[in-house]
Each structure stands twice: as C-alpha cells, then as structure tokens.
Amino acid sequence: MSGCGATKSGQAKSTPRPSPTATSGSPLGTPGADSASSTGESGGTQRSTPTASPSVTARPLKAGTALLTHCANEDDPYVTVEVRNPNSREGLFAVKVHYKNADGFTMSESYDQVSVSAKGRTRLRVAVASMGPLDEIARCEVVPRASVVR
C-alpha cells in the first residue's frame with residue numbers, strides 16, 4: 001500500500017500533521033498563505049524565504065555653506081570657494097558665483113557642483129576666463145548657501 005496514512009501490518013498508523021502554512025485570517029506571527037514552504041509526502045522539509053525588511057529612509061541632507069576665499073584676477077584667473085558639508089554622509093552641492101563690475105552690475109555668473117565628504121570641506125576652483133574680461137571683474141560674490149543636489 002502506498003500514500004499518506006497507509007499502514008502495514010505490525011506498524012502503527014501515522015496521523016497526518018497539519019502543514020505549518022496558515023491560511024488567510026491566521027493569527028499574527030504565523031506564516032501567511034503566500035509563505036514559501038514545501039512539504040514532501042513523508043511530512044519532511046520546510047523552506048522559508050527571507051522576507052525583505054522595511055527599508056530605512058535616509059533623512060534629507062541639509063544645505064552646505066559656501067565661502068569665497070579668492071576672487072579671480074589677472075595673476076590667478078580662478079575663483080576659489082570653500083564648500084562645507086554639515087551632514088553625516090557625503091553630498092553633492094551646487095555653488096553659484098556672481099561676477100560684478102565696478103558699478104555693481106552682474107556681468108556673469110557660474111554654477112558648479114562639488115562633492116563633499118561627510119562633515120568635510122572642499123575647495124572648488126572655477127576658471128573665470130569665459131566669464132568676461134578679467135580686468136572688468138571688480139568683485140566676486142558667492143551665494144552662501146550651497147544647495148543640495150543629492
């Protein structure tokens with residue numbers, strides 16, 4: 001004889017055990033109907049697949065700060081800006097610089113991005129040759145808030 005619950009003479013009849021897979025409406029803490037398990041005829045093995053834990057959403061990054069350390073001139077045609085990251089993880093920040101003439105008119109502006117390590121600071125150098133004649137740039141103004149790109 002074959003099959004579940006079949007007996008041979010001299011052997012006790014085995015009682016089929018309920019599968020540990022619960023149906024919908026099962027109490028909390030028991031596997032649901034969609035749990036992966038396999039049970040052989042001999043009542044043997046259960047395999048469960050790991051379930052994904054809820055992902056932890058990272059807090060948004062705070063804006064960094066930008067500080068002008070050098071305005072371009074004929075001797076050094078680069079603007080240098082120090083960018084600081086107040087966050088506990090690396091971030092990409094946007095830096096904006098305005099180039100003004102002696103009358104205060106904004107001749108041009110630049111927008112650059114720089115990656116800054118966690119709690120770190122980075123110096124950004126921007127070539128100003130394409131912004132206009134260097135001798136007409138009277139001052140550089142950096143936007144002090146370095147916006148978060150990512």
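**Close-up 1. Arg 123 sits in strand β5 of this predicted model.** The strand covers residues 121-127. Is Arg 123 buried or exposed? Its relative accessibility is 56%, and the cut-off for exposed is over 50%, so Arg 123 counts as exposed. Skip the neighbours within four places in sequence, and Arg 123 is still in contact with Thr 69, Thr 80, Val 81 and Glu 82. For a C-alpha distance to check in your viewer, try Arg 123 to Arg 84: the two are 39 residues apart along the chain, and their C-alpha atoms are separated by 8.9 Å.

**Close-up 2. Thr 80, one of the contacts of Arg 123, belongs to strand β2.** With a relative accessibility of 7%, Thr 80 counts as buried, whereas Arg 123 counts as exposed. Which residues does Thr 80 touch, once those up to four places away in sequence are set aside? There is a run from the β1 part of the chain onward, namely Leu 67, Leu 68, Thr 69 and His 70, plus Arg 123, Leu 124 and Arg 125. Thr 69 turns up in the contacts of Arg 123 as well.

**Close-up 3. Strand β1 pairs with β2 and is also joined to β7.** β1 takes in residues 64-70, and β2 takes in residues 78-84. These two run in the antiparallel sense and share five bridges; in this pairing, Leu 67 is found opposite Glu 82 of β2. That Glu 82 is among the contacts of Arg 123, and Leu 67 is among those of Thr 80. The link from β1 to β7 (residues 145-148) is antiparallel too, with two bridges. Here Thr 65 faces Arg 145 across the pair. One thing to keep in mind while looking at any of these: in a regular strand, side chains alternate between the two faces of the sheet.

**Close-up 4. A disulfide ties Cys 71 to Cys 140.** How many disulfides does a search of the whole structure find? The search comes back with one. Its S to S distance is 2.0 Å, and the torsion about the S-S bond is about 65°, so the disulfide is right-handed. The bond links distant parts of the chain, 69 residues apart: Cys 71 lies in the loop between β1 and β2, and Cys 140 lies in strand β6 (residues 139-142). The two ends also fall on either side of the 20% cut-off for buried: Cys 71, at 21% relative accessible area, is partly exposed, while Cys 140, at 8%, is buried.

**Close-up 5. Lys 119 has a positive phi without being a glycine.** The angle is about 55°. Where does Lys 119 sit? Look in the loop between β4 (106-116) and β5. Lys 119 is exposed, with a relative accessible area of 61%.

**Pulling back. The whole chain has zero helices and seven strands.** Along the sequence, that reads β-β-β-β-β-β-β. Of the 150 residues in the chain, 23% are buried. Among contacts with a separation of 6 or more, 58% come from residues 24 or more positions apart. The chain exposes about 10,700 Å², with carbon and sulfur atoms supplying 50% of that area.

Technical notes. Residues numbered from 1 in each chain as written. Predicted model: local features only at pLDDT ≥ 70, side-chain atom pairs only at ≥ 80, totals over all residues. Heavy atoms only, no water. Pairing = 2+ DSSP bridges. Helix = DSSP H or I, 4+ residues; strand = E, 2+ residues; numbered from the N terminus. Buried < 20%, exposed > 50% of the residue type's maximum accessible area, 1.4 Å probe, protein only. Contact = heavy atoms within 4.5 Å. Disulfide = S-S within 2.5 Å. Areas by Shrake-Rupley, 256 points an atom, 1.4 Å probe, with all protein chains shown as cover.
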